Amino acid sequence: MVITAPNAFVSEVHDRMPVLLQPHQCDAWLDGSAGKEVLVPAPEDSLRRWAVSKRVNSSKAPKDDPELITEINAAA
């Protein structure tokens with residue numbers, strides 16, 4: 001995993017983020033023709049977030065349980 005500074009969206013919750021290559025950058029990255037210029041924060045509109053169950057942190061929760069990514073009412 002390659003880490004970079006967060007974009008504004010991610011900086012609300014963390015001080016770094018993984019580099020997320022755009023689809024058109026993948027071949028160049030893999031063949032070595034792309035350099036550090038692609039190692040930038042993701043565009044602001046490329047990510048979303050929502051509250052999920054605290055079960056997501058449990059090692060006993062099944063990894064393929066769709067409820068682990070289902071949005072919950074965080075105020076509840």
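## Leu30 and the nonpolar surface patch

In this predicted model, Leu30 is exposed, with a relative accessible area of 72%. The residue belongs to helix H2, which covers residues 26-31. Because exposure is assigned over 50% relative accessible area, the 72% of Leu30 places this residue in the exposed class.

Leu30 is also part of a nonpolar patch on the surface, formed together with Val2 and Trp29. The accessible area of these residues together is about 300 Å².

## Overall architecture

The chain contains 2 helices and 2 strands. Read from the N terminus, the order of its elements is β-α-β-α.

The C-alpha trace spans about 50 × 25 × 20 Å along its principal axes. The radius of gyration of the chain is 16 Å, whereas a compact globule of 76 residues would have a value near 11 Å. Of the 76 residues in the chain, 17% are buried.

## Arg49: a salt bridge and a ring contact

Arg49 takes part in a salt bridge with Glu12, in which the closest N and O atoms are 2.5 Å apart. This pair links distant parts of the chain, 37 residues apart: Arg49 lies in the segment after H2, and Glu12 in the loop between helix H1 (8-11) and strand E2 (17-18). With a relative accessible area of 42%, Arg49 is partly exposed, whereas Glu12 is exposed at 58%.

Arg49 lies, in addition, over the face of Phe9, at 4.4 Å from the ring centre. As for contacts between rings, the structure holds 0 aromatic pairs.

## The other salt bridges

The whole structure has 3 salt bridges. One of them joins Asp65 to Arg55, with the closest N and O atoms 2.7 Å apart. Both residues lie in the segment after H2, 10 residues apart, and the pair links distant parts of the chain. Asp65 counts as buried, at 18% relative accessibility, while Arg55 counts as partly exposed, at 36%. The buried class is assigned under 20% relative accessible area, and therefore Asp65, at 18%, falls within it.

A further salt bridge is formed by Asp15 and Arg16, whose closest N and O atoms are 3.9 Å apart. Here Asp15 counts as exposed, at 57% relative accessibility, and Arg16 as partly exposed, at 48%.

Technical notes:
Residues numbered from 1 in each chain as written. Predicted model: local features only at pLDDT ≥ 70, side-chain atom pairs only at ≥ 80, totals over all residues. Heavy atoms only, no water. Patch = residues over 30% accessible without salt bridge, like charges linked within 9 Å, V, L, I, M, F, W, Y side chains within 5 Å. Areas by Shrake-Rupley, 256 points an atom, 1.4 Å probe, with all protein chains shown as cover. Salt bridge = Lys/Arg side-chain N within 4 Å of Asp/Glu carboxyl O. Helix = DSSP H or I, 4+ residues; strand = E, 2+ residues; numbered from the N terminus. Buried < 20%, exposed > 50% of the residue type's maximum accessible area, 1.4 Å probe, protein only. Phe/Tyr/Trp six-rings, centres within 6.5 Å; stacked < 30°, edge-to-face > 60°. Lys NZ or Arg CZ within 6 Å of the ring centre and 35° of its normal. Rg over C-alpha atoms; globule rule 2.2 N^0.38 Å.
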